[in-house]
Amino acid sequence: NASVNGAGVAIENGSSPLLENSLIINNTSGESGGGMYVSDASTPVFTNVDIKENISSDNGGGAYLMFGGTGLGFYDCYIQDNTAGGRGGGIFAKTGSNVILSNVTVSGNSSNDRAGGIDCDIQSHMIITNSVIDNNNTVNGGGGFSIDNTSTATIINTAITNNTAGGNGGGILSYDASKTTLTNVTISGN
């Protein structure tokens, strides 16, 4: 599939669908959200969903999340081998998005700007638990995870491993008054 935004799935205007046991694969967006595009206080829940091999010309190869409402969550998901022409090869969350990732693998994603795996930007809030962020790469900073613009993240019982960046922060890049709290996190091989 191909479209401007959200080539695989577009969720907008306060929608709250539940997606289970699904595969979002091989979609291409002309702008953002190769696999999915979520905006305008929408709160979808994804359980056992694989988001793979999607491409965006701009941000969010796998998923682009903007103005996401509280409760937007990914559970038991694989976000793998997605590519962003801009930022956030796996996930790009911005502008006050509130995102939960639990038992999620973010692996093999790439970006041509920042954040090969996950980008948490512009006053967004992210909780990541029991997850793996592995083998992602980016041309600039934040190979595994990048956070900026007064965003916050809590990362618990997670491995951030084998990620690469052409700039700063092979594993994690944090800047612009952002706050990241790590508990029982392994950062290795980046």
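Okay, let's start right at the beginning of the chain: Asn1 counts as exposed, at 67% relative accessibility. Asn1 sits in the segment before strand E1, which covers residues 2-3. One thing to keep in mind throughout: this is a predicted model.

So what does Asn1 touch, if we leave aside its neighbours within four places in sequence? Its contacts are Ala7, Asn26, Asn27 and Thr28. Now try finding Leu182 on your screen. Asn1 and Leu182 are 181 residues apart in sequence, and their C-alpha atoms are 38 Å apart in space.

Let's zoom out for a minute. How many helices and how many strands does the protein chain have? The count is 0 helices and 26 strands. If you follow the C-alpha trace along its principal axes, the span is about 35 × 30 × 30 Å. There are 190 residues in the chain, and 51% of them are buried.

Here's a number about how the chain meets itself. Take the contacts with a separation of 6 or more: 86% of those are between residues 24 or more positions apart.

And the outside? The chain exposes about 7100 Å², with carbon and sulfur atoms supplying 44% of that area. As for charges, there are 5 positive and 15 negative ones, and the mean positions of the two groups lie 7 Å apart.

Okay, on to the inside. In soluble globular proteins, nonpolar side chains tend to be buried together. In this model, the largest nonpolar core has 30 residues. Which residues have the most contacts inside that core? They are Leu65, Phe74, Leu101, Ile118, Met126 and Phe145. Looking at strands, E6, residues 45-52, gives the most to this core, with 3 residues.

Let's pick Ile118 from that list and look around it. Not counting residues up to four places away in sequence, Ile118 touches Ile91, Leu101, Val106, Met126, Ile128, Ile133, Gly144, Phe145 and Ser146.

Ile91 is on that list, so hop over there with me. Ile91 is found in strand E12, residues 91-94. Is Ile91 buried or exposed? With 0% relative accessibility, Ile91 counts as buried, because the cut-off for buried is under 20%. Leaving aside neighbours within four places in sequence, Ile91 is in contact with Ala63, Leu65, Ile79, Leu101, Gly117, Ile118 and Asp119. There's also Tyr64, which is 27 residues from Ile91 along the chain, yet their C-alpha atoms are separated by 6.1 Å.

For contrast, have a look at Asn21, in strand E3, residues 18-25. Asn21 is exposed, with a relative accessible area of 60%. Apart from residues up to four places away in sequence, Asn21 touches Thr47, Asn48 and Val49. Leu173 is 152 residues from Asn21 in sequence, and the two are 32 Å apart, C-alpha to C-alpha.

One more strand residue: Ser102, which is found in strand E13, residues 98-102. With residues up to four places away in sequence left out, Ser102 touches Phe74, Tyr75, Asp76, Thr129 and Ser131. Ser102 and Thr158 are 56 residues apart in sequence, with 9.6 Å between their C-alpha atoms.

Now, cysteines. A disulfide is a covalent bond between the sulfur atoms of two cysteines. How many disulfides are there here? The count comes to 0. Cys77 is in no disulfide, because a pair needs its sulfurs within 2.5 Å and the nearest cysteine sulfur, that of Cys120, is 17 Å away. Cys120 is likewise in no disulfide, its nearest cysteine sulfur being that of Cys77. Cys77 is buried, with a relative accessible area of 1%, and Cys120 is buried too, at 0%.

Last stop: backbone angles. Most residues other than glycine have a negative phi. Two residues to look at here are Ile122 and Ala177. Ile122 has a positive phi, near 55°, and lies in the loop between strand E16 (118-120) and strand E17 (125-129). Ile122 is partly exposed, with a relative accessible area of 30%.

Ala177 also has a positive phi, of about 60°, although it is not a glycine. You'll find Ala177 in the loop between strand E24 (172-174) and strand E25 (179-183). Is Ala177 buried or exposed? Ala177 counts as exposed, because its relative accessibility is 67% and the cut-off for exposed is over 50%.

That's my tour, thanks for listening!

Definitions and conventions. Residues numbered from 1 in each chain as written. Predicted model: local features only at pLDDT ≥ 70, side-chain atom pairs only at ≥ 80, totals over all residues. Heavy atoms only, no water. Helix = DSSP H or I, 4+ residues; strand = E, 2+ residues; numbered from the N terminus. Buried < 20%, exposed > 50% of the residue type's maximum accessible area, 1.4 Å probe, protein only. Contact = heavy atoms within 4.5 Å. Areas by Shrake-Rupley, 256 points an atom, 1.4 Å probe, with all protein chains shown as cover. Lys, Arg positive; Asp, Glu negative; His and termini not counted. Charge placed at Lys NZ, Arg CZ, Asp CG, Glu CD. Core = buried A, V, L, I, M, F, W, Y, C linked by side-chain atoms within 4.5 Å.
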